[in-house]
Amino acid sequence: IVKMVGNIGAKQALEWLFAKPEDKSNLDILKENGFNPGDIVKMVGNGGAKQALDWLFAKPEDKSNLDILTENGFNPGDIVKMVGNNGAKQALAWLFTKPEDKSNLDILTENGFSTGDIVKMVGNDGAKQALEWLFTKQEDKSNLDILTENGFSTKNIVKMVGNKGAKQALDWLFTKPEDKSNLDILKENGFSTGDIVKMVGNDGA
């Protein structure tokens, strides 16, 4: 109870938990979907909880976003990690956006990202900006394509994208101060993709 009550957005999130949109409380619905008390505490216990939980129960296609995530192989533990942070709603809304007649979730899956990979990328405060960057197109190809062509695996990309300061560090990596990107300069100086991942994959990178 302390973990759920001890944050700025607590009252709204807890009121949501006890609201009854379908003759049963949201708490009951979560429990029926396999969420245990510990899971629910993690989702409710942050400042942005209500918006993310509202999103989870929204029904854009006659089924809730929770149903869609479950159908795509996300288990309660995965969903907890994605919902339980301040920037969750924006990142999750992005995941379901359809820029090319398919959702960003579909595109990530087609590019070899597992549900675990996606959870790691979405489950942090700065996720939306970094994920938008990943799909930005320079020279008719996305940054995701460019990273892949430069030998970065999905696991490498997850490590770089899955932190709060990701977008700024990745922007820098693609900046071209001398008609070549900083990524090219690092590679010419002997840095491996693994080295670059370690440098970029932290909050202050």
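Student: Which residues does V119 touch, not counting residues up to four places away in sequence?

Tutor: V119 touches F74, D78, K81 and M82, with those close neighbours left out of the count. Contact here means heavy atoms within 4.5 Å. The model is predicted, so local features need pLDDT of at least 70 and side-chain atom pairs count only at pLDDT 80 or more, while totals for chains, interfaces and linings use all residues. Residues are numbered from 1 along each chain as its sequence is written, and side-chain values use heavy atoms, with hydrogens and water left out.

Student: Why is V119 called buried?

Tutor: Its relative accessible area is 6%. Buried means under 20% relative accessible area, exposed means over 50%, and partly exposed is in between, with a 1.4 Å probe and protein chains only. The 6% of V119 is under that limit, so V119 is buried. V119 lies in helix α10.

Student: What makes a stretch a helix or a strand?

Tutor: Both are DSSP runs, numbered from the N terminus: helices are H or I with at least four residues, and strands are E with at least two. By that rule the protein has 16 helices and two strands.

Student: Is N104 buried or exposed, and why?

Tutor: N104 has 2% relative accessibility, so it falls on the buried side of the limit. N104 is placed in helix α9, residues 104-110. Apart from residues up to four places away in sequence, N104 touches W94, L95, T97, P99 and F135.

Student: Why does K187 count as partly exposed?

Tutor: The relative accessibility of K187 is 36%. That value sits between the buried and exposed limits, so the middle term applies. K187 is found in helix α15, residues 182-188. K187 and N104 are 83 residues apart in sequence, and their C-alpha atoms are 29 Å apart in space.

Student: What makes the side chains of K187 and N150 a polar contact?

Tutor: The distance given for this pair is 2.7 Å. A polar contact is a pair of N or O atoms within 3.5 Å; within protein, one must be able to donate a hydrogen and the other to accept it, and residues adjacent in sequence count only if both atoms are side-chain atoms. At 2.7 Å the pair is within the cut-off, so the term fits. Neighbours within four places aside, K187 is in contact with N150 and I196.

Student: How do you know that K102 counts as partly exposed, and where is K102?

Tutor: Its relative accessibility is 27%, which again lies between the two limits, so K102 is partly exposed. K102 is placed in the loop between α8 and α9. The side chain of K102 makes a polar contact with the side chain of E110, at 3.0 Å. Leaving aside neighbours within four places in sequence, K102 is in contact with T97, I107 and E110.

Student: Why is N156 buried?

Tutor: N156 has a relative accessible area of 14%, under the limit, so it is buried. N156 lies in helix α13, residues 154-161. A polar atom of the N156 side chain is 3.0 Å from the backbone nitrogen of S153. Outside the four-place range in sequence, N156 touches G151, T193 and V197.

Student: Which residues of α13 are buried, and what do the buried residues of α13 pack against?

Tutor: N156, I157, V158, M160 and V161 are buried in α13. Among the helices they pack against are α10 (115-122), α14 (166-174) and α16 (193-200).

Student: What makes a nonpolar core, and which residues touch the most other members of the largest one?

Tutor: A nonpolar core is a set of buried Ala, Val, Leu, Ile, Met, Phe, Trp, Tyr and Cys residues joined through side-chain atoms within 4.5 Å. The largest core has 62 residues, and L56, L95, L134 and L173 touch the most other members. L56 is also one of the buried residues of helix α5, residues 49-57. The cover of the buried residues of α5 includes α2 (10-18) and α8 (88-95). In soluble globular proteins, nonpolar side chains tend to be buried together.

Student: How many residues are in the protein, and what share is buried?

Tutor: The protein has 205 residues, and buried ones make up 43% of them.
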